[in-house]
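Colleague: Could you put the model up? I would like to go through the cysteines and then the ligand.

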Amino acid sequence: MTSNLDFAQVTKSFTDAKTGTTVTAVDGMTFSIAAGERVAVVGPSGCGKSTILNMASGLYQPTRGEVLIDGRPVTAPRPEVGFMLQKDLLLPWRSIVENVEFGLEERPLSKADRRKRALEELTRMQLGEFADSYPHQLSGGMRQRAALARTLAIDPEVVLLDEPFSALDAQTKLILQRHFARTLARSGVTCVLITHDLNEAVIMADRVIVLSGRPGRVIDDFRIELDEPVDPLTRKFDPASAVYARRLFDLLHLGDDDEMVA
Ligand SMILES: Nc1ncnc2c1ncn2[C@@H]1O[C@H](COP(=O)(O)OP(=O)(O)OP(=O)(O)O)[C@@H](O)[C@H]1O
Ligand SMILES: [Mg+2]
């Protein structure tokens, strides 16, 4: 089972209780993601990408408009939605395997089955031998992998990922991108991937939504059509990838002087 995700005229503003100053992070955002689609969201720093994910995961409510999963407004986190926030939220007092088990605790699984499922996902992330370590004993990239394992362990219908591969070295990044792409293809899960890496957007997604600077608005939304549908490595070396990446660089004015690098 997979689910669709809709943003309908969504605006999100934050008001500072002390000063009364209001910042509009996202303004009038409308898009529709079909069940099973893999969509990358790119845009300059501070344009509201994490805010979008926080609303889709039910952690924030929109100021105006609606966020819907399968046509139902998202008012709180839902068990079928796996999300990995930008800062990894591993619980420091739980071991790595216990962290991965966390999302499984609401499922009707025996303790042994829960452990088995968590270890399976950790092994896929090449973290099997660190199952009994604690978050502070892992490197940043390892913690990121553990958080990704926790997100995938629940076999979600929708996954929301905020820069999941950003703290990884190039080699580990490619290994995990391939594993992740295969997992998505196998399960047909709907995916929203936020990334600063425009090449990653092209090799990991079927579609890219491009946002303006704050307040974030959709400035482009297009499909990525490469001969290889899944494998990021093959997609990376397809010359057509460079054409899509160039389009993104141009949209975000990354070739211009004095622009802040996104
Ligand atoms: N909880 C919050 N309280 C107040 N302001 C917030 C909150 N969350 C986000 N903002 C503001 O909303 C704007 C968008 O922030 P957001 O984190 O969504 O940006 P982003 O696109 O994810 O940036 P980055 O690429 O740097 O991660 C920023 O101006 C930020 O200060
Ligand atoms: Mg962010």
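Modeller: First a term: a disulfide is a pair of cysteine sulfur atoms within 2.5 Å. This is a predicted model, where local features need pLDDT of at least 70, side-chain atom pairs count only at pLDDT 80 or more, and totals for chains, interfaces and linings use all residues. Residues are numbered from 1 along each chain as its sequence is written, and side-chain values use heavy atoms, without hydrogens and water.

Colleague: How many disulfides in the whole structure?

Modeller: Zero. Cys47 is in none, and the nearest cysteine sulfur belongs to Cys191, 17 Å away.

Colleague: Why is Cys191 not bonded to Cys47?

Modeller: Because the sulfur of Cys191 is 17 Å from that of Cys47, its closest cysteine sulfur, which is too far for a bond.

Colleague: Is Cys191 buried or exposed?

Modeller: Buried (under 20% relative accessible area, with a 1.4 Å probe and protein chains only), at 3%. Cys47 is also buried, at 0%.

Colleague: Now the ligand. Which residues are closest to ligand 1?

Modeller: Ser45, Gly46, Lys49, Ser50 and Thr51, out of 15 that surround ligand 1; a residue counts if one of its heavy atoms lies within 4 Å.

Colleague: Which element gives the largest share of that shell?

Modeller: α1, with three residues. The helix α1 spans 49-56, helices being DSSP runs of H or I, at least four residues long.

Colleague: What about side-chain polar contacts?

Modeller: Those are pairs of N or O atoms within 3.5 Å. An oxygen atom of ligand 1 is 2.7 Å from a side-chain N or O atom of Lys49. For His196 the distance is 3.0 Å, and for Arg214 it is 3.1 Å.

Notes:
Chains lettered and ligands numbered in written order. Polar contact = N/O pair within 3.5 Å; in protein donor to acceptor, adjacent residues only side chain to side chain. Helix = DSSP H or I, 4+ residues; strand = E, 2+ residues; numbered from the N terminus. Buried < 20%, exposed > 50% of the residue type's maximum accessible area, 1.4 Å probe, protein only.
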